Amino acid sequence: MKQKFNVIKSTCIPIAIDNCNTDLIIPARYLASTTRDPKFFGDAFMHDLRYDAQGNKVKDFVMNRPEFSEAPHEGIHEIIVGGQNWGSGSSREHAAWAIAGYGVRVVISSSFADIHRNNLLNCFVLPVVVSRDLQQELFDTIAANPQAKVRVDLPNQTVTNLTTGHSEHFDINSYKKHCLLNGFDDIDFLLSNKEKIEEYEKG
């Protein structure tokens, strides 16, 4: 899951579910697994909304509609536009693993549950908070044209609806921004400062 982050320009999957909790993002039965295989968790992402009890695809669910069913890859469906209060409920980090494992690089919402937001950052998925107005504009734009793209610029901390040109600044912790830009987890960050730490210890 570790990868450097700079600018993402991609089509989006609109999941307009307010209070989309972590049990919807990944059902509790997947938490008992000891694997960290990204595909395992990616396949479980939104499983009980994507599939019925018999394992058949739910045709009306957005991720199963032809225009949104293509697996995320460069420039395609790397961004989710979610409803407000994304990632509420339990603090399970598996929810972030599932989103990252599915191939999503950015989740845009008007608000996030704090723990889930931090879990996403730890999985190299960027949570972007926008105004309710821009959130709704993005849903409307995607509904009108599923091929519409959004540009998320981490260095400049901007998100732009490329259809309308509407752009907003978003906030991110400076440490987490540095880690994303460099593809560092917490251990990588410490190792990158090994010489400084050793010099400090000498003092």
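**A walk through the chain, starting at arginine 151**

With a relative accessibility of 32%, arginine 151 counts as partly exposed. Keep in mind as you look at it that this is a predicted model. Arginine 151 has a partner: aspartate 153 forms a salt bridge with it, and the closest N and O atoms are 3.4 Å apart. Is aspartate 153 buried or exposed? Aspartate 153 has a relative accessible area of 5%, so it is buried. Anything under 20% gets that label, while arginine 151, at 32%, falls in the partly exposed group.

Stay in this part of the chain for a moment and find glutamine 157. This residue is in the loop between β5 (149-153) and β6 (158-161). Its backbone is a little unusual. Most residues other than glycine have a negative phi. Glutamine 157, though, has a positive phi of about 55 degrees, and it is not a glycine. Is glutamine 157 buried or exposed? Its relative accessible area is 13%, so glutamine 157 is buried.

Now zoom out to the whole chain. How many helices and strands does it have? There are 9 helices and 7 strands. The radius of gyration is 18 Å, close to the 17 Å that the globule rule gives for 203 residues, so the chain is as compact as a globular protein of that length. If you drew a box around the C-alpha atoms along the principal axes, it would be roughly 65 × 45 × 25 Å. Of the 203 residues, 46% count as buried.

Next, back to salt bridges. Side chains of opposite charge can pair when their charged atoms come close. A search of the whole structure turns up 8 salt bridges. One of them joins the side chains of arginine 92 and aspartate 23, at 3.1 Å from N to O. This pair links distant parts of the chain: arginine 92 sits in the loop between β2 (79-82) and α4 (94-102), aspartate 23 is in helix α1, and the two are 69 residues apart. How well covered are the two partners? Arginine 92 has a relative accessibility of 15%, so it counts as buried. Aspartate 23 has 40%, so it counts as partly exposed.

For another salt bridge, look at aspartate 43 and lysine 39, whose closest N and O atoms are 2.7 Å apart. Why are these two separated by about one helical turn? Because they are 4 residues apart in helix α2 (residues 38-44). Aspartate 43 is partly exposed, with a relative accessible area of 41%, and lysine 39 is exposed, with 54%. Charges can also link up in a group: Lys2, Asp185 and Asp188 form a network of salt bridges.

Let's visit the loop between β1 (7-15) and α1 (22-25), where you will find alanine 16. Alanine 16 has a relative accessibility of 57%, so it counts as exposed. In sequence, alanine 16 and isoleucine 80 are 64 residues apart, yet their C-alpha atoms are 9.6 Å apart in space. Asparagine 19 lies in the loop between β1 and α1 too. Here again the backbone has a twist worth spotting: asparagine 19 is not a glycine, but its phi is positive, at about 55 degrees. Asparagine 19 has a relative accessible area of 43%, so it is partly exposed.

Finally, head to the far end of the numbering. Asparagine 193 lies in the loop between α8 (186-192) and α9. A loop residue can still be covered: asparagine 193 has a relative accessible area of 18%, so it is buried. Measure across to isoleucine 8 and you get 28 Å from C-alpha to C-alpha, with the two positions 185 residues apart in sequence terms. Just after this loop comes helix α9 (residues 194-202), which holds glutamate 201. Is glutamate 201 buried or exposed? With a relative accessible area of 59%, glutamate 201 is exposed. Which residues join glutamate 201 in a negative surface patch? The patch is formed by Glu195, Glu198, Glu199 and Glu201.

Key:
Residues numbered from 1 in each chain as written. Predicted model: local features only at pLDDT ≥ 70, side-chain atom pairs only at ≥ 80, totals over all residues. Heavy atoms only, no water. Patch = residues over 30% accessible without salt bridge, like charges linked within 9 Å, V, L, I, M, F, W, Y side chains within 5 Å. Areas by Shrake-Rupley, 256 points an atom, 1.4 Å probe, with all protein chains shown as cover. Salt bridge = Lys/Arg side-chain N within 4 Å of Asp/Glu carboxyl O. Lys, Arg positive; Asp, Glu negative; His and termini not counted. Charge placed at Lys NZ, Arg CZ, Asp CG, Glu CD. Buried < 20%, exposed > 50% of the residue type's maximum accessible area, 1.4 Å probe, protein only. Rg over C-alpha atoms; globule rule 2.2 N^0.38 Å.
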